[in-house]
Amino acid sequence: MTTMFNFLTNGTNWLVASFEGYGLPLLQATSITLSLALVSLVVGLFLAFVFTSLESVSFKPIAWLMSLFTLTIRALPELLIVVAIYNGLPLLLILLNDGFTLPLGFTSLTIQVDIADFNINPFLCGVMALSLLYAVYASQTLRGAFKAISHGQWEAAQVLGLSRWRTFTRIIIPQMWRYALPGLSNQWLILLKDTALVSAIAINDLMMQTKGIIARTKQPFLWYVIAMLIYLLISIISQKIIQRIEKRSLYFEQTAKKQL
Amino acid sequence: MSDNFFYYLQIISKGLPDTLSLGAAGILSAGILAIILTCLLSLNHPIMNKAIRAYIIIFTGSPLLVQIFLIYFGPSQFEVVLSRFPTFYAMLSSPWFCAYLALTLNSAAYTTQIFYGSLKAVPLGQWQACSALGMNKKQALKIIVPYALKRALSTYSNEVVFIIKGTALASMIPVMDVMKYSNILNGEYYDFSIFIAAGLIYLLINGLLSIIMRIIEKRSLVFEN
């Protein structure tokens, strides 16, 4: 019994001692991971709306191109997209700075932008890559959700004299959320896990920080388990929050059931 | 430009054996493990169910990259203990094996969710029909699991593509796959067409796989029409 107790106290002492000095950097890294995910979520949702509307344009070639684009992105590894954007963006800036001419048959268009700083921000690249990844999956969900709203809603709003924009924002979107939420929240969980990839492009996120701590402490197992638990905790907490939001979005259906 | 492109393609395709072997081995063993776990879950053993649920939460709740790093870099903390089991330690020192193990465990967790979901979606009448014929639970599972698996195929084909995409993460530990070769080339030449070449290869693999999965799905659901 005493040996058991000694073992336990020694174990906790050892754990507390190993944490000393590394708690704060880990917390900062976690906040970077979280902010990266949240910013990508907002940008990605916006992009998803753009993709969905482009995919449902009545001019078919644009719709096909958009579908081809989203299909291609979905078939590529996430790591490849992150690394390609990180490496491709400076090249694009150099190209813009040097200037190039677009031959347009009878005339040609020269594009040249003076760029002072070629050092791109890795955080920005991370947001670009992650929001793109989120958007290509979310646009699929949104398209399904829009299809689930019957066309009668549009017609009814038109009869009431609402403009198309007002109909879209006040009538269609509120109804669409409950169809879109399960898919969107699932992709949020995927996005959260994809943030680990940005450690490949020099962002000091949770993964990178863990690597740094391991280089000093030589305890890879302990620290990777801790990183894993942090990701797990974030996932579980966001799942709980999602459940609440989903419950609220179905609120009016529940009250209807109660009355029956 | 095009000469360079074909040169890049040539170099990058040296990584195909590792990518394909990781993908194929991962898909096969994750599928088998998922079928076993699905059957175990359907037996409704309280302790075993809790254990399997915990496994699923851990492996679906954390990034694949952390799992790969944990399995590849983690064991070196216990070098003294592990060096007593040389064969086991040698296996855990091989990057290919670690990537394979992580991919399998990760994907099996997702696949179990898919398979078990479709098993639960099988109408109750099927189970009742089995028990009416005097079958016990095991015999009924033999009938119902294949049926549920066929229904799960369309969702499962997404997971197969995810495994292939996941193999790219193995390049972060020294596995010489397509992604690794393109990273090496990029370090040397710094040219965007390297990534286009790598993307083309992944596109081809995933496109072919999706087509194959669709054919299998059509064949196996023929009885429903």
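**A buried serine and the interface around it**

Leaving aside its neighbours within four places in sequence, B:S62 is in contact with A:K193, A:M228, A:Y231, A:L232, B:Q67 and B:N106, a list that names residues of chain A as well as of chain B. The model in which these contacts are found is a predicted one. B:S62 sits in the loop between α3 (46-61) and α4 (64-73) of chain B, and with a relative accessible area of 1% the residue is buried, because the limit for that class is under 20%. Two polar partners of this side chain can be named within chain B: the backbone oxygen of B:I58, which the side chain of B:S62 reaches at 3.0 Å, and the side chain of B:Q67, to which B:S62 is joined by a polar contact of 3.0 Å. B:Q67 therefore appears twice in the description of B:S62, as one of the residues in contact with it and, since N and O atoms within 3.5 Å qualify, as a partner in a polar contact.

From this serine the view can be widened to the interface as a whole. The contact between the two chains takes 35 residues from chain A and 36 residues from chain B. The size of an interface is often given as the accessible area lost when the parts come together; here chain A and chain B bury about 3100 Å² between them, and 79% of that area lies on carbon and sulfur atoms. Across the same interface of chain A and chain B, 10 residue pairs are found in polar contact, counting pairs in which both residues have pLDDT 80 or more. On the side of chain A that touches chain B, at least two residues each come from α3 (60-75), α4 (78-98), α8 (206-217) and α9 (220-249) of chain A. Of the elements of chain A, α9(A) gives the most to this side, with 10 residues. By residue class, the side of chain A that touches chain B divides into 24 nonpolar, six polar and five charged residues.

Which charged residues pair across this interface? The count between chain A and chain B is one salt bridge, and its members are A:E78 and B:K165, whose closest N and O atoms are 3.6 Å apart. Side chains of opposite charge can pair when their charged atoms come close. B:K165 lies in helix α9 (residues 137-167) of chain B and A:E78 in helix α4 of chain A, so the pair joins two chains. Both B:K165 and A:E78 are buried.

Over all chains, the structure holds two salt bridges, and a pair within chain A is one of them: A:R143 and A:E55 have their closest N and O atoms 3.3 Å apart. This pair links distant parts of the chain, with A:R143 in helix α5 (residues 122-148) of chain A and A:E55 in helix α2 of chain A, 88 residues apart. The two members fall into separate exposure classes, because A:R143 has a relative accessible area of 28% and is partly exposed, whereas A:E55, at 8% relative accessibility, counts as buried.

Turning to chain B as a fold, the chain has 11 helices and zero strands. The C-alpha atoms of chain B fill a box of roughly 70 × 55 × 25 Å, taken along the principal axes. Of the 225 residues in chain B, buried residues make up 48%. Among the contacts in chain B with a separation of 6 or more, residues 24 or more positions apart account for 79%.

Two loop residues deserve a look at their backbone. Most residues other than glycine have a negative phi, and most peptide bonds are trans. A:K218, in the loop between α8 and α9 of chain A, has a positive phi near 60°, and with a relative accessible area of 60% A:K218 is exposed. B:Y190, in the loop between α10 (178-189) and α11 (193-220) of chain B, has a positive phi near 50°, and at a relative accessible area of 37% B:Y190 is partly exposed.

A word on confidence closes the account. The mean pLDDT of chain A is 84, and 90% of its residues reach 70 or more. Within chain A, confidence is highest in helix α2 (residues 23-55), at a mean of 91, and lowest in helix α10 (residues 251-259), at 59. Where pLDDT is low, the predicted coordinates should not be read in detail.

Notes. Residues numbered from 1 in each chain as written. Chains lettered and ligands numbered in written order. Heavy atoms only, no water. Contact = heavy atoms within 4.5 Å. Buried area = accessible area lost by both parts, 1.4 Å probe. Salt bridge = Lys/Arg side-chain N within 4 Å of Asp/Glu carboxyl O. Polar contact = N/O pair within 3.5 Å; in protein donor to acceptor, adjacent residues only side chain to side chain. Helix = DSSP H or I, 4+ residues; strand = E, 2+ residues; numbered from the N terminus. Nonpolar A, V, L, I, M, F, W, Y, C, P; charged D, E, K, R; others polar. pLDDT = per-residue confidence, 0-100. Buried < 20%, exposed > 50% of the residue type's maximum accessible area, 1.4 Å probe, protein only.
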